[in-house]
Amino acid sequence: MENLKQSTQLLDHPGRCIHIGDRESDIYELFCAAQEIGTHFLIRTCVDRLAGDGDHTIADEMDEVAVKELHRIEVRDSNGDLDQAVLEIKYRKICILPPIGKQKRYPALTLTVIHAKERGTPKNRKKIDWKLITDLPVGSRTEAIEKLEWYGLRWKIEVFHKILKSGCKAEESKLRTAQRLTNLISLFCILSWRVFWMTMLNRSAPDAPPTLALTATEVGVLDRLVNDKPKARPKTLSHYLIKIARLGGYLARASDPRPAIRSCAAGCYASPTSRWALWSEENLWVIESR
């Protein structure tokens, strides 16, 4: 609730903000607060709220809605391998009621509910079953898929925070003042973004040259810190990302899956010469000068 209010105030354009949240954000007060401020939200629901005249729920209404679209997406299973999923998409604008104990304090809201459920039962991963609620208009296949893609981007934010916590170990810092902690986290954010960016880039273009993401200095440092294994692959971006991961404990055996983002982050953080050895002097100078 505070994040919604403070971030909207900070950005000063409430109508352009869309607050995306997982199931812990399924709070009726949040929906009402967004309406009062004039901002927007897209939330994954966990509560089957009362709808219409109060004698049925959202799920009852959505059961009556026919599947309007099929949408095919690519996902990764628990082994990191690509898989395809076919989603059945339904959406409807519904009058949603506040919880029974709060109906005198909060008004009913007309919101759009989107259900995206995967056909069949996949192997090596959980079945996709998303129930989203939003105050944004959804009147076509394109608009429904757009909202699903926006919610999917939220998982990248989770990964970014995972790098901050598990890779950079931001929560384990023992600085004594808030200002020092702010400075450290600011630097960690740049480091975490770069690790995340390189890992995503490696998935889409593993054979790209390393200079696409690394400077010549960084490539040289990695070549000195991590020896090439026998029969090493050509020196691509993927090759150097594996070197970074090896600094973080990744063994790079033939049977090992691709390096996890956490290993790459740990590798950047745990460089034996300097914790920032892999990041060019130019970047560090800019950070320090500010």
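In this predicted model, helix α4 gives the most to the lining of the largest pocket, contributing 10 residues. Helix α4 spans residues 141-167, and it is joined in that lining by β5 (69-76), β6 (82-96), β8 (129-134), α5 (178-204) and α8 (261-269), each of which supplies at least two residues. Strands and helices thus appear side by side in the list of contributors.

The space in this largest pocket comes to about 1,600 Å³. Its lining is made up of 40 residues, and those closest to the pocket centre are Val 75, Arg 76, Trp 155, Val 159 and Arg 203. Sorted by chemical character, the lining holds 18 nonpolar residues, 16 charged ones and six polar ones.

Helix α5, one of the elements that help to line the largest pocket, is worth a closer look. It has 27 residues, and the distance from its first C-alpha to its last is 39 Å, close to the 39 Å expected at 1.5 Å a residue. Several side chains of α5 can be picked out as buried, including Leu 187, Phe 188, Leu 191, Val 195, Phe 196, Met 198 and Leu 201. The buried set of α5 also takes in Ser 192, Arg 194, Thr 199 and Asn 202.

A charged residue can be followed in another helix: Lys 243 lies in α7, which covers residues 237-247. Is Lys 243 buried or exposed? Lys 243 counts as buried because its relative accessibility is 1%, and buried means under 20%. Leaving aside residues up to four places away in sequence, Lys 243 touches Leu 222, Asp 223, Val 226 and Asp 228.

Terms used
Residues numbered from 1 in each chain as written. Predicted model: local features only at pLDDT ≥ 70, side-chain atom pairs only at ≥ 80, totals over all residues. Heavy atoms only, no water. 1 Å grid on protein atoms, 1.4 Å probe; cavity = no way out; pocket = protein on both sides within 12 Å on 5 of 7 lines; lining within 4 Å. Points joined across faces, edges and corners; volume = space filled by probe spheres on them. Helix = DSSP H or I, 4+ residues; strand = E, 2+ residues; numbered from the N terminus. Expected span 1.5 Å × (residues − 1). Buried < 20%, exposed > 50% of the residue type's maximum accessible area, 1.4 Å probe, protein only. Contact = heavy atoms within 4.5 Å.
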